[in-house]
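Please open the structure in a viewer and keep a selection panel at hand. The tour proceeds stop by stop, with a selection to make at each one.

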Amino acid sequence: MRLRYYVMAAPIPSFYLNCHPVLKKIHQNPPLKISKFPLKPVETPSLREICKRGSVNEAFQSLTDLFANQSPSQFSLDEAYSSVLELCGSKKALSEGQQVHAHMITSNALFNSVFLSTRLVFMYGKCGCLVDAEKLFDGMPHKTIFTWNAMIGAYVTNGEPLGSLELYREMRVSGIPLDACTFPCILKACGLLKDRRCGAEVHGLAIKEGYVSIVFVANSIVGMYTKCNDLNGARQLFDRMPEKEDVVSWNSMISAYSSNGQSIEALRLFGEMQKASLAPNTYTFVAALQACEDSSFIKQGMFIHATVLKSSYYINVFVANALIAMYARFGKMGEAANIFYNMDDWDTISWNSMLSGFVQNGLYHEALQFYHEMRDAGQKPDLVAVISIIAASARSGNTLHGMQIHAYAMKNGLDSDLQVGNSLVDMYAKFCSMKYMDCIFDKMPDKDVVSWTTIIAGHAQNGSHSRALELFREVQLEGIDLDVMMISSILLACSGLKLISSVKEIHSYIIRKGLSDLVLQNGIVDVYGECGNVDYAARMFELIEFKDVVSWTSMISCYVHNGLANEALELFHLMKETGVEPDSISLVSILSAAASLSALKKGKEIHGFLIRKGFVLEGSLASTLVDMYARCGTLEKSRNVFNFIRNKDLVLWTSMINAYGMHGCGRAAIDLFRRMEDESIAPDHIAFVAVLYACSHSGLMNEGRRFLESMKYEYQLEPWPEHYACLVDLLGRANHLEEAYQFVKGMEVEPTAEVWCALLGACQIHSNKELGEIAAQKLLEMDLENPGNYVLVSNVYAAERRWKDVEEVRMRMKANGLKKNPGCSWIEVGNKVHTFMARDKSHPQSYEIYSKLSQITEKLAKEGGYVAQTKFVLHNAKEEEKVQMLYGHSERLAIAYGMLTTPEGASLRITKNLRVCGDCHNFCKLISKFFERELVMRDANRFHHFKGGVCSCGDVW
């Protein structure tokens with residue numbers, strides 16, 4: 001730019017360069033030939049006025065004209081140079097300031113001029129050249145108080161408050177008297193260092209020297225106390241001020257209260273200021289708006305907004321930005337957008353406030369759309385914008401957009417920033433892109449505790465639990481202090497691996513380090529529950545002194561997860577009695593408990609509770625409610641809830657498809673699946689499991705085949721073992737056992753226990769001993785952890801009276817620490833769920849129950865020709881013993897109790913944890929016919945609706 005050299009009058013002599021090392025680096029600049037002595041004086045505009053306009057180029061032109069047209073004797077050199085240096089400092093125009101310095105040397109203006117040397121110190125300080133300011137300061141033979149103040153101010157401006165205090169102490173030792181302007185800089189340095197003791201000492205000196213009565217000194221003292229977090233001291237000084245007519249005093253206190261989270265006090269002071277008839281300025285409005293920290297301050301915020309509109313500050317960009325940020329905190333992005341689009345001009349903060357507002361309020365798609373608008377307007381995203389967009393991309397699952405912003409960050413050198421790196425790791429974790437996530441983490445030049453926490457959480461949340469623990473060990477070796485978030489992530493990994501020993505180790509670490517806050521206590525309860533250690537979880541729960549809703553939910557979930565639904569319901573009742581209001585997550589857990597017990601009345605109570613409390617039926621709450629009614633045997637109510645929900649997500653559709661499947665309504669499930677596709681909702685793996693399950697329990701073999709093909713080729717979803725097991729089960733139920741076996745042999749992946757189990761179960765139903773033996777051997781070759789698989793093999797051998805093989809399988813179970821789940825049934829009568837084990841006599845009405853069961857059996861034998869089918873008793877016992885075993889099955893005891901305690905003709909709902917045997921199935925059909933009772937039974941496989949002697953399963957289950 002040609003104006004850069006206007007002021008240079010002649011080459012700089014080497015003498016001056018040696019004397020002024022500051023100028024060594026700029027002496028190569030070609031000087032502009034300016035006449036030292038003008039031919040005649042010319043009237044020019046005031047240079048000071050031109051400098052006030054703020055244009056460096058215009059000021060330089062004016063200074064050049066001044067030297068060209070007038071002799072230095074005709075104008076004040078000090079005033080001319082001073083004005084331009086002041087402008088260079090305010091604009092941080094270092095290069096131009098250096099040229100002025102050079103011209104001052106060549107024109108000999110600096111000779112014995114303490115004033116101009118001080119101005120140069122000031123300029124270099126403002127332009128961030130602290131070293132140059134120091135060199136000038138140290139080289140000055142004479143200094144005034146203004147010179148010392150300029151240097152002290154330079155240290156503060158450039159983030160070197162210790163330098164300011166050292167210089168201040170040197171002044172004091174040298175006996176240099178202070179003036180009023182010294183105090184603001186020194187007090188600001190004390191505030192930056194949070195050195196209240198030093199600040200109080202300076203405060204005392206200001207009192208002693210009589211400067212405390214000067215308003216700007218008093219304001220600086222107030223500011224120092226607020227920066228040192230001594231709000232009481234600041235307020236006492238503020239209250240003692242005789243006259244509070246300076247808006248800066250009020251701004252200091254309002255801002256201090258606001259930034260320290262004392263919003264009510266800040267807004268109260270704002271109100272007092274208005275009562276005092278003091279006009280707020282930009283800083284007042286910004287501080288007051290920042291005090292409106294959440295939606296509970298919406299009335300106060302709108303009042304301040306109205307005050308802004310009445311003032312002249314409604315077009316001020318700083319105030320407008322504060323209003324945008326406030327409305328974003330209130331969740332009112334419509335109002336924020338209205339302010340934004342009515343602004344005359346936007347700065348970077350304006351764009352970033354809108355962008356972060358959209359992200360903070362979960363409006364991720366709007367954030368991405370606004371980002372494009374920002375780019376179209378020519379606004380280049382900075383670090384803050386990039387972090388916001390990464391977050392929006394991650395939370396919206398927009399992989400393409402996320403990778404684009406990653407590329408932008410790399411292109412602009414922003415990816416090396418620690419916060420950007422952490423955000424990218426989190427983003428790829430949410431995209432389940434473990435490879436990219438690890439790559440970003442490994443390439444990060446610096447890592448903090450957030451970096452390690454994010455990568456560990458990423459692996460833990462994506463099922464890579466072992467890798468999460470490996471990284472945790474690395475953290476320990478690095479000697480990094482663990483925080484609550486990292487420990488929570490490690491607990492999640494331990495939960496996934498069911499590593500109770502690691503959980504105990506981490507629990508001990510928490511206790512040793514005294515990190516046991518409520519979040520971690522809740523996490524410990526949760527992870528013990530996930531690992532199946534209910535006693536430890538309950539003990540930890542009892543130790544929590546101040547339980548919140550998360551504490552109660554964690555314990556309720558623990559009970560539900562470990563099959564203790566009754567205990568979960570009791571704890572939920574206790575939770576309400578203690579006055580803790582359930583949230584949507586706790587309601588989801590307790591609905592699951594009601595569903596597992598088929599406790600319809602309990603489920604209805606919870607449904608009524610969430611309606612009364614105004615919970616919105618959406619997301620997991622809606623899908624769990626659909627599932628609860630389906631598992632309680634009321635498919636119609638499931639359908640009603642499903643139809644009531646307007647915005648149906650994939651999980652809700654899947655829940656309803658699964659509901660149809662468990663009730664044997666395969667065609668309805670398929671129709672609903674097709675409707676979901678018509679709504680442009682793409683099915684996932686779980687949705688295909690649900691529809692294949694429905695096909696399996698309705699014998700829809702061809703449809704099942706087509707769905708598996710569609711999954712692989714239309715939706716490019718790689719089938720899970722569960723999908724293969726569903727098709728094998730479907731073929732097996734239809735007695736296409738050879739086809740099922742060939743399908744298993746032709747699988748692209750190694751068949752899992754679920755697949756062989758499905759084949760073995762079908763072989764048992766259709767008495768195919770040859771294929772059954774193959775499936776049984778395959779199962780026994782695997783390292784099985786599910787006792788149900790051993791039980792199935794044992795039952796197959798028992799049906800063939802291979803008692804030696806049965807004993808061998810049972811010994812293997814025992815050696816592996818596995819136990820057979822005992823048969824258990826429950827029935828809801830009144831407002832209580834009653835549980836029965838096989839041949840159970842623990843119930844208070846046990847005698848009446850067995851008497852009633854005997855009457856029922858006698859009537860069915862006499863009128864329905866019922867004869868016990870002992871082939872279903874897979875024990876090596878005498879025939880009479882087998883009959884007694886059948887009579888003591890848990891579902892019969894539940895039915896007998898229901899018939900004993902409910903009116904004649906009332907329908908009964910029974911749930912069993914295992915598959916109902918063939919004899920009990922026949923027993924239930926006869927009851928429905930001869931006692932005219934509708935029975936709704938849910939076993940481990942599906943629902944059975946018994947009515948008039950017929951079962952909805954068609955005798956295939």
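The stops below concern one helix and its surroundings, followed by a group of salt bridges. The model is a predicted one.

**Stop 1: helix α35**

Select residues 600–612, which form helix α35. A distance check between the end C-alpha atoms is a suitable start: they are 18 Å apart. At 1.5 Å a residue, the 13 residues of α35 should span 18 Å, so the model agrees with the expected value.

Next, show the side chains of the helix. Which residues of α35 are buried? They are Leu600, Gly603, Ile606, His607, Phe609 and Leu610.

**Stop 2: the cover of α35**

Keep those residues displayed and add the elements in contact with them. The cover over the buried residues of α35 includes the helices α33 (565–577), α34 (584–597), α36 (619–631) and α37 (635–644). Strands β1 (824–829) and β3 (908–912) are also included in this cover.

Then move to Gly614, which follows α35. The phi angle of Gly614 is positive, near 80°.

**Stop 3: Glu265 and Arg235**

How many salt bridges does a search of the whole structure find? The search returns 26. For one of them, select Glu265 and Arg235, whose side chains meet at 3.3 Å, N to O. Glu265 belongs to helix α15 (residues 263–275) and Arg235 to helix α13 (residues 231–240), so this salt bridge ties together parts that are 30 residues apart in sequence.

Colouring by accessibility separates the two partners. Arg235 has a relative accessible area of 15% and is buried, whereas Glu265, at 22%, is partly exposed. The dividing value is 20%, under which a residue counts as buried.

**Stop 4: Arg268 and Glu265**

Retain Glu265 and add Arg268. The side chains of Arg268 and Glu265 form a salt bridge at 2.6 Å, N to O. Both residues lie in helix α15, three residues apart, which means that about one helical turn separates them. Arg268 is partly exposed, with 43% relative accessibility.

**Stop 5: Glu800 and Arg802**

Select Glu800 and Arg802, which are joined by a salt bridge whose closest N and O atoms are 3.1 Å apart. Both partners are partly exposed: Glu800 has a relative accessible area of 25%, and Arg802 one of 24%.

Finally, display Arg235, Asp239, Glu265 and Arg268 together. Salt bridges with shared partners join these four residues into one network.

Key:
Residues are numbered from 1 along each chain as its sequence is written. This is a predicted model: local features need pLDDT of at least 70, side-chain atom pairs count only at pLDDT 80 or more; totals for chains, interfaces and linings use all residues. Side-chain values use heavy atoms; hydrogens and water are left out. Helices (H or I, at least four residues) and strands (E, at least two) are DSSP runs, numbered from the N terminus. The expected span of a helix is 1.5 Å times one less than its number of residues. Buried means under 20% relative accessible area, exposed over 50%, partly exposed in between (1.4 Å probe, protein chains only). Contact means heavy atoms within 4.5 Å.
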